[in-house]
Amino acid sequence: MLYLASQSPRRAELLTRLGLSFGRIDLDIPEHRQPGEPATEYVRRVAREKAGAGLLKVMGSPGAVVLGADTEVILDDEVFGKPLDAADAAAMLRRLSGRTHQAVSAVSVVSAAREAQALVVTDVSFAELDEDDIAAYLASGEAMGKAGAYGIQGRAEQFVTRLAGSYSAVMGLPLHETAKLLREFDIHPSAPVAIASA
């Protein structure tokens, strides 16, 4: 049985696209970068900790496989997590304006017998944002609860002038790499089912 160690609706939506059924595990893992910890290693560690904590919750389930993931926005080696409030979100968007940042997504898959991980780094370039752009985006409510104060699958997509890497990774779960990892655990994504119209 596959479990997703996340309550993120975006990750659940993405995992569903692989044609898999899975359970959900609600976790509260502290996400704090350690002093001197490289940004990408921080993202790897959080994904690993989520998967490991999830596995502890479902150890009684035979053949349990747990997927944990973390996605962060990184600019100049600074990790932009979820904004604390609207002012914090606005400050993040001003920093990202007219710059190229990295959306770093780590996926960890664990079972009682093994562990595997993938890391995907995507370069995302933003257009110059003026104060009206930022205010309108904050008013949409999309900025809160998202790393870097934006969701690429929503209105912020209009800010992106260039993307080099994985779109699904920026959303929160790199589908190609996730499917590849799951195959190592004998979990095989299925092709989408075509629904015939009458």
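**Notebook: a buried arginine, the core and the ring cluster**

I started with R11, which lies in helix α1, residues 9-16. I kept in mind that this is a predicted model.

**Entry 1: R11**

Is R11 buried or exposed? R11 is buried, yet it has no salt bridge. I looked for the nearest side chain of opposite charge and found D70, 4.8 Å away. A salt bridge needs a side-chain nitrogen within 4 Å of a carboxyl oxygen.

Next I checked which backbone oxygen the side chain of R11 reaches. That oxygen belongs to G172, at 2.7 Å.

I then listed what R11 touches, leaving out residues up to four places away in sequence. L4, S6 and K50 are on the list. So are A69, D70 and T71. G172 and L173 complete it. D70 is thus among the residues R11 touches, although R11 has no salt bridge.

**Entry 2: the nonpolar core**

How many residues does the largest nonpolar core have? I noted 45. Those with the most contacts inside this core are L2, L15, L67, Y150 and L182.

I picked L2 and looked up its contacts, setting aside neighbours within four places in sequence. L2 is in contact with L15, L67 and L182, which are also on the list of residues with the most contacts inside the core. The other contacts of L2 are L20, S21, F22, G23, V65 and I187.

**Entry 3: aromatic pairs**

I turned to the rings. The structure holds 3 aromatic pairs. One of them joins F126 and Y150 edge-to-face, 4.9 Å centre to centre with 65° between the planes.

Which parts does this pair tie together? F126 lies in strand β6 (residues 115-126), and Y150 lies in the loop between α4 (131-140) and β7 (160-164), so the linked parts are 24 residues apart in sequence. F126 is buried, with a relative accessible area of 4%. Y150 is buried too, at 5%. I had already met Y150 among the core residues with the most contacts.

I went on to Y137 and F159, which also form an edge-to-face pair. Their centres are 5.5 Å apart, and the planes make an angle of 70°. Y137 lies in helix α4 and F159 in the loop between α4 and β7, so this pair ties together parts 22 residues apart in sequence. Y137 is buried, with a relative accessible area of 2%. F159 is buried at 5%.

Last, I asked which residues the ring pairs link into a cluster. They are F126, Y137, Y150 and F159.

Definitions and conventions
Residues numbered from 1 in each chain as written. Predicted model: local features only at pLDDT ≥ 70, side-chain atom pairs only at ≥ 80, totals over all residues. Heavy atoms only, no water. Core = buried A, V, L, I, M, F, W, Y, C linked by side-chain atoms within 4.5 Å. Buried < 20%, exposed > 50% of the residue type's maximum accessible area, 1.4 Å probe, protein only. Contact = heavy atoms within 4.5 Å. Helix = DSSP H or I, 4+ residues; strand = E, 2+ residues; numbered from the N terminus. Lys, Arg positive; Asp, Glu negative; His and termini not counted. Polar contact = N/O pair within 3.5 Å; in protein donor to acceptor, adjacent residues only side chain to side chain. Phe/Tyr/Trp six-rings, centres within 6.5 Å; stacked < 30°, edge-to-face > 60°.
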